[in-house]
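Visitor: I'd like to learn how to read a protein model, one feature at a time. Could you walk me through this one?

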Amino acid sequence: MSKEEKRSQMLSMVADWQQSGKSKKAYCSEQGINEATFYYWFSRSKENDTSSGRFIAIDKSCKKGEVEVIYPNGVRIKSDADLGLLSQLIRLY
């Protein structure tokens with residue numbers, strides 16, 4: 001298996017874990033994954049997310065609903081406000 005294939009497989013496992021709702025330890029145990037290896041790839045996946053500087057789109061057609069934005073520095077904004085207003089507030093910072 002090439003380095004890129006292994007990387008893709010591990011990032012896929014991290015995404016699978018995130019959707020599972022299980023603890024990292026439980027997921028690793030069930031999947032037969034070494035915890036240290038999983039934690040390493042989890043930290044690498046976070047580096048890729050924050051260093052890219054990319055944003056995800058917010059569907060503004062859904063006018064109300066609880067939204068939580070977590071900045072890389074740990075600041076959290078949680079709101080059930082109008083998404084248009086929330087996007088304006090985010091642009092201010």
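Visitor: Where do I start: what share of the residues is buried?

Guide: In this predicted model, buried residues account for 19% of the 93 residues. The surface that the protein exposes comes to about 7400 Å², and 51% of that is supplied by carbon and sulfur atoms.

Visitor: Which secondary structure elements does the protein have, and in what pattern?

Guide: There are four helices and two strands. Followed along the sequence, they give the pattern α-α-α-β-β-α.

Visitor: How should I think about a nonpolar core, and which residues form the largest one here?

Guide: The general idea is that nonpolar side chains tend to be buried together in soluble globular proteins. Here the largest nonpolar core has 10 residues: Met10, Met13, Val14, Trp17, Tyr27, Cys28, Ile33, Phe38, Trp41 and Phe42. Helix H1 (3-20), helix H2 (24-31) and H3 are the elements that each give two or more residues to this core. H1 provides the largest share, four residues.

Visitor: If I pick Val14 from that core, which residues does it touch?

Guide: Setting aside residues up to four places away in sequence, Val14 touches Phe38, Trp41, Phe42 and Ser45.

Visitor: And Tyr27: is it buried or exposed?

Guide: The number to read is the relative accessible area, and buried means under 20%. Tyr27, which is found in helix H2, has a value of 3%, so Tyr27 is buried. Beyond its neighbours within four places in sequence, Tyr27 is in contact with Met13, Asp16, Trp17, Ser20, Lys22, Ile33 and Phe38. Take Asp16 from that list: Tyr27 and Asp16 are 11 residues apart in sequence, and their C-alpha atoms are 9.3 Å apart in space.

Visitor: What would an exposed residue look like by comparison?

Guide: Try Ala36, in helix H3 (residues 35-51). The cut-off for exposed is over 50%. Ala36 has 56% relative accessibility, so Ala36 counts as exposed. Ala36 and Lys25 are also 11 residues apart in sequence, with 10.0 Å from C-alpha to C-alpha.

Visitor: How many salt bridges does a search of the whole structure find?

Guide: The search finds one. To read a salt bridge, look for a side-chain nitrogen of Lys or Arg within 4 Å of a carboxyl oxygen of Asp or Glu. In this case Lys22 pairs with Glu30, and their closest N and O atoms are 2.5 Å apart. Lys22 itself is partly exposed, at a relative accessible area of 35%.

Visitor: Now the strands. How many bridges join E1 to E2?

Guide: Four bridges join E1 to strand E2 (residues 76-79), and the two run antiparallel. To follow the pairing, go residue by residue: Val67 has Ser79 as its bridge partner in E2, while Val69 stands opposite Ile77.

Visitor: What lies between the two strands?

Guide: E1 and E2 form a hairpin, with five residues between them. In the turn, check Gly74, whose phi is positive, at about 100°.

Visitor: Which residues of E1 are on the covered face, and which on the uncovered one?

Guide: Strand E1 spans residues 67-70. Val67 and Val69 make up its covered face, and Glu68 and Ile70 its uncovered one.

Visitor: One last feature: what share of the contacts join residues at least 24 apart?

Guide: Take the contacts between residues at least 6 apart in sequence; 27% of these join residues at least 24 apart.

Conventions:
Residues numbered from 1 in each chain as written. Predicted model: local features only at pLDDT ≥ 70, side-chain atom pairs only at ≥ 80, totals over all residues. Heavy atoms only, no water. Buried < 20%, exposed > 50% of the residue type's maximum accessible area, 1.4 Å probe, protein only. Pairing = 2+ DSSP bridges. Core = buried A, V, L, I, M, F, W, Y, C linked by side-chain atoms within 4.5 Å. Contact = heavy atoms within 4.5 Å. Areas by Shrake-Rupley, 256 points an atom, 1.4 Å probe, with all protein chains shown as cover.
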